Amino acid sequence: MRRTSWLASLVILLVSGVSLPAAGRPPGALIGDPLPKLRLAPVDSGKPIDLRQLGPGVVVFSFYSKYCRPCRRELPALHRAVTRVNASMRPKHPIRTVVLVRDLAPSRAARRRLGKTTLWLDDRAGMARRAFVPRRYPCTYLSAKGVIRKINRGFGQAYVGRVEGWLRQLVRR
């Protein structure tokens, strides 16, 4: 009796046109996926920016929450890695860093310390979080030519070396 009711429910779902998630594919952006089509406004106000239009070179997306202690430690380390690769490899299109702010952005002085190449975008509405679905904070996505190439979840001792190595690989391509 139970088996037939379960089977009948499945048939009704399929006939009604309800789509089921792709088998085995977790939600969110994965390596090899194009960047999500999103427009987010800068933290300091201004016109919304389309993530896909951020340039032909390498772009680093970092999810940030003021209440996440590893996020606050990650940003200066990420900035140092990006600065070193830009200085040593002199790519045709310098690497850009985009920080997707979940709640409250750091002060202007703190943002200025991370350089002019860092773009701070407001994600308090959660649009980027729903599109990327970071599974852990801090979470860093590296894209090249509009496609996600690497994903780093978390922050630890090996973070800077790993991300710097990935950036060098992506700039060489």
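## Exercises on a predicted model

Strand S5 covers residues 118-122 and is mostly covered, with four of its five residues buried. The structure is a predicted model.

**Exercise 1.** Find which strand pairs with S5, in which sense, and over how many bridges.

*Solution.* Start from S5 and look for its partner: strand S4, residues 96-101, pairs with S5 in the parallel sense. The pairing runs over five bridges. Next, trace the path between the two strands: the chain leaves S4, passes through helix H3 (residues 108-113) and reaches S5. This β-α-β crossover is right-handed. Finally, take one bridge as an example: Leu100 has Leu121 in S5 as its bridge partner.

**Exercise 2.** Locate Ser65, decide whether it is buried or exposed, and list what it touches.

*Solution.* First, the position: Ser65 lies in the loop that joins strand S3 (58-64) to helix H2 (69-89). Second, the accessibility: Ser65 has a relative accessibility of 8%, and buried means under 20%, so Ser65 counts as buried. Third, the neighbours: leaving out residues up to four places away in sequence, Ser65 touches Cys71, Arg102, Asp103 and Tyr137. With Asp103 there is a polar contact between the two side chains, at 2.7 Å.

**Exercise 3.** Decide whether Arg173 is buried or exposed, and state how far its C-alpha atom is from that of Gly57.

*Solution.* Begin with the place: Arg173 sits in the segment after helix H5 (159-172). Its relative accessibility is 61%, and exposed means over 50%, so Arg173 counts as exposed. For the distance, the C-alpha atoms of Arg173 and Gly57 are separated by 10.0 Å, while the two residues are 116 residues apart along the chain.

Terms used
Residues numbered from 1 in each chain as written. Predicted model: local features only at pLDDT ≥ 70, side-chain atom pairs only at ≥ 80, totals over all residues. Heavy atoms only, no water. Buried < 20%, exposed > 50% of the residue type's maximum accessible area, 1.4 Å probe, protein only. Polar contact = N/O pair within 3.5 Å; in protein donor to acceptor, adjacent residues only side chain to side chain. Contact = heavy atoms within 4.5 Å. Pairing = 2+ DSSP bridges. Right-handed = clockwise from strand over helix to strand, strands pointing away.
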